[in-house]
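Could you walk me through this structure in my viewer? I'd like to know what to select at each stop and what I will find there.

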Amino acid sequence: MASDAVRAQVAAKWQESFTRLNRSEPGISGLMAFSDAWSLATEFLKPRDLNDPKPRRQYDNRRVRMAFDTINKCRRLPVMMEVFLEDLHNSQYLIAREVESHMNRYSETSDPEIVRALIFRLVEWYKAWSPPAELGQTIISAYMLSFQTHLFSVLPASFARGIKSLVAATLLGTVSTPSDQRDIALWHAFDMLRLVERYETLIASVGYEYIESHVHETCARTWSESMLSKLRPWMVEKIVPWMIWPFARGATNAEEAKTMMQGVGSRFEFHMYKTLCDLRTKEIFDIIVDFPDSIPALNDLKECLQRVDQRAELVLSLRRANRKRLLHPGADTKDILLQYVSTIKCLRIVDPPGVLLFKVADPIRRYLRERPDTIRCIVASLVGDGESGDSLIDENEPIHPLQQPEVENYADPEWTPEPVDAGPDFRANKTSDIISTLVSIYDSKDLFIKELQVLLAQRLLALKDGNLDRERRNVEILKIRFGESALQVCEVMLRDMTDSRRIDQHVQSQKPNVMHPTIISRHFWPALEASDMVMPGQFQDLQAQYAKEFSSFKPDKVLRWHPHLGRIQLELELDDRIVEADVPPLEAAFIELFSEKNTWTVDELITRVGKVTRSAALKALGTWVDMRLLKEESENVFRLLSVAEDATEDATPKLGEDLPPVISVQQQQAEQMRVYWKFIEGMLTNLGSLGLDRIQAMLKLAPGYDRTVEQLANFMEAAKREGLVTVKDGLWKLGK
């Protein structure tokens, strides 16, 4: 049983509530008025089905306002709002059914217009169920939160895809017709349903993807013009107008809109730079190939890298492309050098300090160092070899001496620290010219000097008109680059050519001779390929006559003939024809022997001319067979065709003019290392197993030894393959 105090308290509360609801009206008239107001207000607020064909009941707005006023005076408005929200929750199935119907149709057709229709329909539901504004912002906010919560809970996963396609359609529409009223109404609907806040990231992704597609469509493989100068206006004219609706809604003026869009606008601009940077990073190898036509693309890339930190990705992409497309046995050394030179020029534009070039060039330099013909290709460009195709050197580039690495001067007021991404081995030296960079591939320039001597010797011995102007000019240029002392041997070679012509003129004045030999100083010229060939018949007589006149003019000098070198112009008189030919000495020697008898075997011919290889003899005879002067009667038996057997349109031999067989630098080094092998063999015999450094230190005591440890290691590996030595734990010993 309740106590009297409890009963009294309940009675007081009941009386207080009755007084509040009855509002001091006589009897229960106030309570009846509240009951009527409650019924009218809840009926007015109750969510209705928009798909119900029955017409909606019409309410007197004055009576409705009075009802809400009565409830508010009775302080029952919060309770009424709770009832309304409960009714809203119970009616949510109506919206769920509407959403399901539209999204099923969208899943079948993927038409974004269905999503547009759904959004406008949801706005109708939102407006139909919204309480009147007179109830105050608190109740309106509670309704908005409840409606959005229920709405977002019933939206399927495919709705996000539909929203994305619809937003993409609005972007395309804004780009084509910026004043489309349907899209403006759609963005107002988005704002009303708070879809922009929920799908802001997805909406932004539409802008990102559209920027990406536009950059790829307009900029891919377009390197001859700057694309950033076109992309910036495009962003202002096409993207910014679209950004206003989702990201600057509610702005009252341009300045306010600009402030609201500043953050997302910066992200869109950054994405534009990043997309172009990614594209140019993928294309960097081809951009370098297309240099200098691709300079605008390189300037764009430079600006992009200042905005986007993707220097490491650029280095990785270019190194990967070089490894796949350049640094392999199928690529010609000249092509690798040309690409390396273009890489130097391009990366100096993109990154003037040279950090990117340092990281990219290292694998190329190491690969070129391993190629045997790298030095020859570089030297060929130095002397302007016209048959080598594109030159590694820009003719307009000033000629400078080779630049040596410099020690940093920290007291220099213009000194700047190394970039933050520079490696420990990077040195920020002054920008060197291309030739200095190429020569620096090797530790010493002596290899280039020796190769220069070999190439100059080949070119001088191949001259037919005696014009030395071009070679003199090349030597003068090389003096600037390498120094005069390094080119003294080349000077002697040029002087020998001049003296040779003067001596020949004197000999011819004393006793005319059809022979015009080139006389050189044996000690100052690269070694020539040796041969025991002997010229037969009249050729031997001509040599003897010339040598006699030379001895009279230069009694302190002795001629040592190289009869296998040079070219001989012949006029051959046969029974029915006269044939003129310009052939090497071996071919001339063979055809001279056929003046003695008409038929010779290959072995007989080789016996008469000295020690020549059988392959060289057959090649020489093949020249005359091709000219239809000889015929192979049987295997290795050749007969002179004094009378032509078959008519021929052209009996001129198609011979390539090979350079004189000057021994290359590699061959000279191999011959010298064979001499040093005797030293190595003696060391290993007397001292037992030795390390490479110990062998190198002892070889430096040998006269003329100037090889590096790497060259010695290569020689020892070659000796190991031949079974001369073995190695274990870095110690070398003689093989068994």
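By class, the residues lining the second largest cavity are six nonpolar, one polar and no charged. Keep in mind along the way that this is a predicted model.

To see that lining for yourself, select Val383, Leu452, Leu456, Asn474, Val475, Leu478 and Cys490, and show them as sticks. With Asn counted as polar, Asn474 is the polar member of the group. The space they enclose has a volume of about 30 Å³.

Next, colour the secondary structure around this cavity. Pick helix 22, residues 446–461, and helix 23, residues 469–482: these are the elements that give two or more residues to the lining. Which helix provides the largest share? Helix 23 does, with three residues.

Now step back and look for enclosed spaces across the model. With a cut-off of 30 Å³ or more, there are two cavities in total.

Switch to a cartoon view of the whole chain for the next stop. You will be looking at 31 helices and eight strands. If you colour by burial, counting residues under 20% relative accessible area as buried, buried residues make up 43% of the 736 in the chain.

A contact map makes a good companion here. Of the contacts with a separation of 6 or more, 70% are between residues 24 or more positions apart.

Finish by turning on the surface. The accessible area of the chain is about 40,900 Å², and carbon and sulfur atoms account for 52% of it.

Note on methods
Residues are numbered from 1 along each chain as its sequence is written. This is a predicted model: local features need pLDDT of at least 70, side-chain atom pairs count only at pLDDT 80 or more; totals for chains, interfaces and linings use all residues. Side-chain values use heavy atoms; hydrogens and water are left out. On a 1 Å grid over the protein atoms alone, a cavity is a set of points where a 1.4 Å probe fits but cannot get out, and a pocket is an open set with protein on both sides within 12 Å along at least five of seven lines; lining residues have an atom within 4 Å of a point. Grid points are joined across faces, edges and corners, and a volume is the space filled by probe spheres set on the points. Helices (H or I, at least four residues) and strands (E, at least two) are DSSP runs, numbered from the N terminus. Buried means under 20% relative accessible area, exposed over 50%, partly exposed in between (1.4 Å probe, protein chains only). Contact means heavy atoms within 4.5 Å. Accessible areas come from the Shrake-Rupley method with a 1.4 Å probe; for residues, only the protein chains shown count as cover.
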